Amino acid sequence: MDIRFLESFVAVADCGSIAEAARRLNLTPAALSQRLRTLEQDLGHSLVMRAGRRVRPTASGLAVLDHARALIDGARDLRAIAAQDEPAGQLRLGAIATSLTGLLPGIVARLRARHPRIEYHIRPDSSVNLYHGVIAGDLDAAVIVRPQFPVPKSTGWLTLREEPLVLLVPEEAPGTDPLAILQSHPFIRYDRNQWGGQIVDRYLRQNTLKVREWLELDALDAIAGLVSRGLGVAIVPDWAPPWPEGLRLRKIALPDAGGRQTGVLWNLSGARIAAMQAFVEACRVRGAPAPGP
């Protein structure tokens with residue numbers, strides 16, 4: 001059984017569409033459909049069925065789906081094991097939204113140039129979900145906000161960036177005193193379900209700052225866009241650029257505000273340890289530069 005045919009089936013199950021799965025795998029829909037038919041003939045059962053415009057697994061397809069994923073992962077691990085000390089195989093990475101654009105592209109580009117046999121699967125999510133993904137072994141590593149508690153001894157941590165809290169205000173808003181601005185403008189809160197949002201909330205409480213909150217949001221670029229439109233002010237970590245283009249806002253430093261650390265959490269063992277070590281080294285070379293303007 002060709003492992004690529006299993007990959008095609010899993011992609012269709014995940015996407016719910018043969019056309020979308022074909023784009024993801026860089027195949028034509030006809031070629032992907034042929035793979036599915038061959039796999040179904042090998043197993044003796046239909047694996048997918050059409051439901052309106054969508055495609056979903058049959059009962060037989062659902063029964064084999066988890067096993068198919070395990071076989072695919074096992075085959076990728078075999079490539080990594082066979083490579084011995086040479087970094088190879090698939091790295092399962094996670095990244096928060098700001099690191100997807102500001103940190104991870106440069107790291108992966110550097111690693112790709114040195115170790116072309118490494119493959120990548122990147123999952124965007126919140127820090128808390130990605131943290132649990134690494135701890136559970138579903139991810140090899142994740143670029144996240146550092147948790148406010150010690151990480152397990154089975155994992156490593158490397159800080160990539162210190163991101164102090166700043167007050168975002170519309171460009172035309174008068175004044176530079178953070179306290180006066182917070183008292184005179186509507187406040188857009190960084191979601192307290194996010195680890196970075198909890199740091200902002202702790203700063204407000206520790207300094208007994210009263211705000212006129214009207215919106216709570218978990219997307220930092222959207223918060224910056226709302227401030228730029230004059231809809232309020234916000235306290236956010238000064239995340240790695242690029243920021244959205246065309247923003248009309250100012251950043252005001254906050255005294256003794258602290259901030260968040262963004263870095264990489266990784267598992268210290270596993271079949272892909274050589275590739276993992278190469279990834280961490282690429283992160284280490286990147287270093288921890290000062291926050292951008």
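**Exercise 1.** For Asp 256 in this predicted model, determine whether the residue counts as buried or exposed, and state where in the fold the residue lies.

*Solution.* Step 1: the relative accessibility of Asp 256 is 79%. Step 2: a residue counts as exposed over 50%. Step 3: Asp 256 therefore counts as exposed. Step 4: as for its place, Asp 256 belongs to the loop between β10 and β11 (259-267). Step 5: the backbone of Asp 256 has a phi near 50°, a positive value in a residue other than glycine. Most residues other than glycine have a negative phi.

**Exercise 2.** Carry out the corresponding analysis for Thr 208: what is its phi, and is Thr 208 buried or exposed?

*Solution.* Step 1: Thr 208, which is not glycine, has a positive phi, near 45°. Step 2: the loop between α9 (195-206) and β8 (212-217) contains Thr 208. Step 3: because its relative accessibility is 65%, Thr 208 counts as exposed.

**Exercise 3.** Identify the peptide bond that joins Pro 241 and Pro 242 as cis or trans, and locate Pro 242.

*Solution.* Step 1: omega for the bond between Pro 241 and Pro 242 is about 15°. Step 2: this bond is cis. Step 3: in general, most peptide bonds are trans. Step 4: Pro 242 is situated in the loop that runs between β9 (234-237) and β10 (249-253).

**Exercise 4.** Which residues of helix α6 (residues 104-114) are buried, and why do they line one face of the helix?

*Solution.* Step 1: the buried residues of α6 are Leu 104, Ile 107, Val 108 and Leu 111. Step 2: viewed down the axis of α6, these buried residues fall within an arc of 90°, so they line one face of the helix. Step 3: the general background is that an α-helix has 3.6 residues a turn, so residues three or four places apart point the same way.

**Exercise 5.** Describe the protein chain as a whole: how many helices and strands are there, what share of residues is buried, and how are the charged side chains distributed?

*Solution.* Step 1: the chain holds 11 helices and 11 strands. Step 2: its C-alpha trace spans about 70 × 50 × 30 Å along the principal axes. Step 3: 46% of the 293 residues count as buried. Step 4: of the contacts between residues at least 6 apart in sequence, 73% join residues at least 24 apart. Step 5: the chain exposes about 14900 Å², of which carbon and sulfur atoms supply 52%. Step 6: there are 35 positive and 30 negative side chains, and the centres of these two sets lie 2 Å apart.

Key:
Residues numbered from 1 in each chain as written. Predicted model: local features only at pLDDT ≥ 70, side-chain atom pairs only at ≥ 80, totals over all residues. Heavy atoms only, no water. Helix = DSSP H or I, 4+ residues; strand = E, 2+ residues; numbered from the N terminus. Buried < 20%, exposed > 50% of the residue type's maximum accessible area, 1.4 Å probe, protein only. Arc of directions from axis to C-beta. Contact = heavy atoms within 4.5 Å. Areas by Shrake-Rupley, 256 points an atom, 1.4 Å probe, with all protein chains shown as cover. Lys, Arg positive; Asp, Glu negative; His and termini not counted. Charge placed at Lys NZ, Arg CZ, Asp CG, Glu CD.
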